[in-house]
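Thanks for coming, everyone. I have one structure to walk through today. Let me put it on the screen.

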Amino acid sequence: IVMYIEWRDTMVPQGAVSLYPQIESLLSTGAIYIHGRDHRYRPLLILNMERLMRHKLGVDDCINLICF
(Lines give C-alpha, C1' and ligand atoms only; values in the text may rest on other atoms or scores of the structure.)
Protein backbone atom coordinates (compact mmCIF):
# COMPACT_ATOMS: atom_id res chain seq x y z
CA ILE A 1 0.00 0.00 0.00
CA VAL A 2 2.86 2.36 0.79
CA MET A 3 4.39 1.79 -2.66
CA TYR A 4 1.03 2.52 -4.32
CA ILE A 5 0.59 5.76 -2.37
CA GLU A 6 4.10 6.89 -3.31
CA TRP A 7 3.45 6.04 -6.98
CA ARG A 8 0.09 7.83 -6.96
CA ASP A 9 1.61 10.93 -5.36
CA THR A 10 4.29 11.14 -8.06
CA MET A 11 2.01 10.32 -11.02
CA VAL A 12 -1.12 12.22 -10.00
CA PRO A 13 -0.23 14.70 -7.25
CA GLN A 14 -3.48 16.72 -7.49
CA GLY A 15 -5.79 13.78 -8.19
CA ALA A 16 -7.14 12.20 -11.36
CA VAL A 17 -9.11 15.30 -12.32
CA SER A 18 -5.83 17.18 -12.82
CA LEU A 19 -5.02 14.79 -15.72
CA TYR A 20 -8.11 15.75 -17.71
CA PRO A 21 -6.63 18.77 -19.55
CA GLN A 22 -3.70 16.60 -20.70
CA ILE A 23 -5.79 13.69 -21.96
CA GLU A 24 -9.01 15.34 -23.13
CA SER A 25 -8.11 14.95 -26.81
CA LEU A 26 -6.77 11.40 -26.25
CA LEU A 27 -10.09 10.23 -24.77
CA SER A 28 -11.88 11.11 -28.00
CA THR A 29 -9.66 8.73 -30.01
CA GLY A 30 -11.52 5.71 -28.62
CA ALA A 31 -8.25 3.98 -27.80
CA ILE A 32 -9.32 3.37 -24.20
CA TYR A 33 -12.76 3.29 -22.66
CA ILE A 34 -14.88 1.59 -20.01
CA HIS A 35 -17.63 -0.68 -21.31
CA GLY A 36 -19.91 -2.75 -19.10
CA ARG A 37 -19.01 -4.96 -16.17
CA ASP A 38 -17.83 -8.53 -15.63
CA HIS A 39 -19.68 -11.21 -13.63
CA ARG A 40 -18.41 -9.66 -10.37
CA TYR A 41 -19.59 -6.18 -11.43
CA ARG A 42 -16.09 -4.82 -11.94
CA PRO A 43 -15.83 -2.26 -14.76
CA LEU A 44 -14.21 -3.50 -17.98
CA LEU A 45 -11.39 -1.32 -19.27
CA ILE A 46 -11.07 -1.74 -23.05
CA LEU A 47 -7.75 -0.95 -24.75
CA ASN A 48 -8.04 -0.77 -28.53
CA MET A 49 -4.46 -1.47 -29.57
CA GLU A 50 -5.11 -0.64 -33.22
CA ARG A 51 -6.17 2.88 -32.28
CA LEU A 52 -3.30 3.25 -29.82
CA MET A 53 -0.86 2.38 -32.60
CA ARG A 54 -2.64 4.53 -35.20
CA HIS A 55 -2.50 7.65 -33.02
CA LYS A 56 1.08 6.87 -31.96
CA LEU A 57 0.40 7.47 -28.29
CA GLY A 58 3.51 7.44 -26.15
CA VAL A 59 4.00 5.51 -22.94
CA ASP A 60 3.32 8.61 -20.83
CA ASP A 61 0.04 9.23 -22.69
CA CYS A 62 -1.07 5.64 -22.10
CA ILE A 63 -0.17 5.80 -18.41
CA ASN A 64 -2.09 9.06 -18.02
CA LEU A 65 -5.13 7.54 -19.74
CA ILE A 66 -5.10 4.50 -17.48
CA CYS A 67 -4.57 6.59 -14.34
CA PHE A 68 -7.47 8.82 -15.30
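**A walk from surface to core**

Start at V59, which sits in helix 4. Keep in mind that this is a predicted model. Is V59 buried or exposed? V59 is exposed, because its relative accessible area is 62%, and the cut-off for exposed is over 50%.

V59 also has company. Together with I1, Y4, I5, W7 and I63, V59 makes up a nonpolar patch on the surface. The accessible area of that patch comes to about 650 Å² in total. Which elements give two or more residues to the patch? They are helix 1, residues 2-11, and helix 4, residues 59-67. Helix 1 provides the largest share, with three residues.

Now go inside. In soluble globular proteins, nonpolar side chains tend to be buried together. Here the largest nonpolar core counts seven residues. They are I23, L26, A31, I32, L52, L57 and L65. Take L57 as a way in. What does L57 touch, once neighbours within four places in sequence are set aside? The contacts are L26, A31, L52, C62 and L65.

A31 leads us to the next residue, T29. The side chain of T29 places a polar atom 3.3 Å from the backbone nitrogen of A31. T29 belongs to the loop that runs between helix 2, residues 20-27, and strand 1, residues 32-37. Loop or not, T29 is buried, because its relative accessible area is 16% and buried means under 20%. Beyond its neighbours within four places in sequence, T29 is in contact with R51 and H55.

Last topic: charges. How many salt bridges does the structure hold? Two.

One joins the side chains of R42 and D38, at 2.7 Å from N to O. R42 counts as partly exposed, because its relative accessibility is 42%.

The other pairs E50 with R54. Their closest N and O atoms are 3.5 Å apart. Why is the spacing in sequence worth a look? Both residues lie in helix 3, residues 49-54, and they are four residues apart, so about one helical turn separates them. E50 is exposed, with a relative accessible area of 57%. R54 counts as exposed too, at 51%.

To recap, we began with V59 in a surface nonpolar patch. We then passed through L57 in the largest nonpolar core. From there we reached T29, buried in its loop. We closed with the two salt bridges. Over to you for comments.

How values were computed:
Residues numbered from 1 in each chain as written. Predicted model: local features only at pLDDT ≥ 70, side-chain atom pairs only at ≥ 80, totals over all residues. Heavy atoms only, no water. Buried < 20%, exposed > 50% of the residue type's maximum accessible area, 1.4 Å probe, protein only. Polar contact = N/O pair within 3.5 Å; in protein donor to acceptor, adjacent residues only side chain to side chain. Contact = heavy atoms within 4.5 Å. Patch = residues over 30% accessible without salt bridge, like charges linked within 9 Å, V, L, I, M, F, W, Y side chains within 5 Å. Areas by Shrake-Rupley, 256 points an atom, 1.4 Å probe, with all protein chains shown as cover. Salt bridge = Lys/Arg side-chain N within 4 Å of Asp/Glu carboxyl O. Core = buried A, V, L, I, M, F, W, Y, C linked by side-chain atoms within 4.5 Å.
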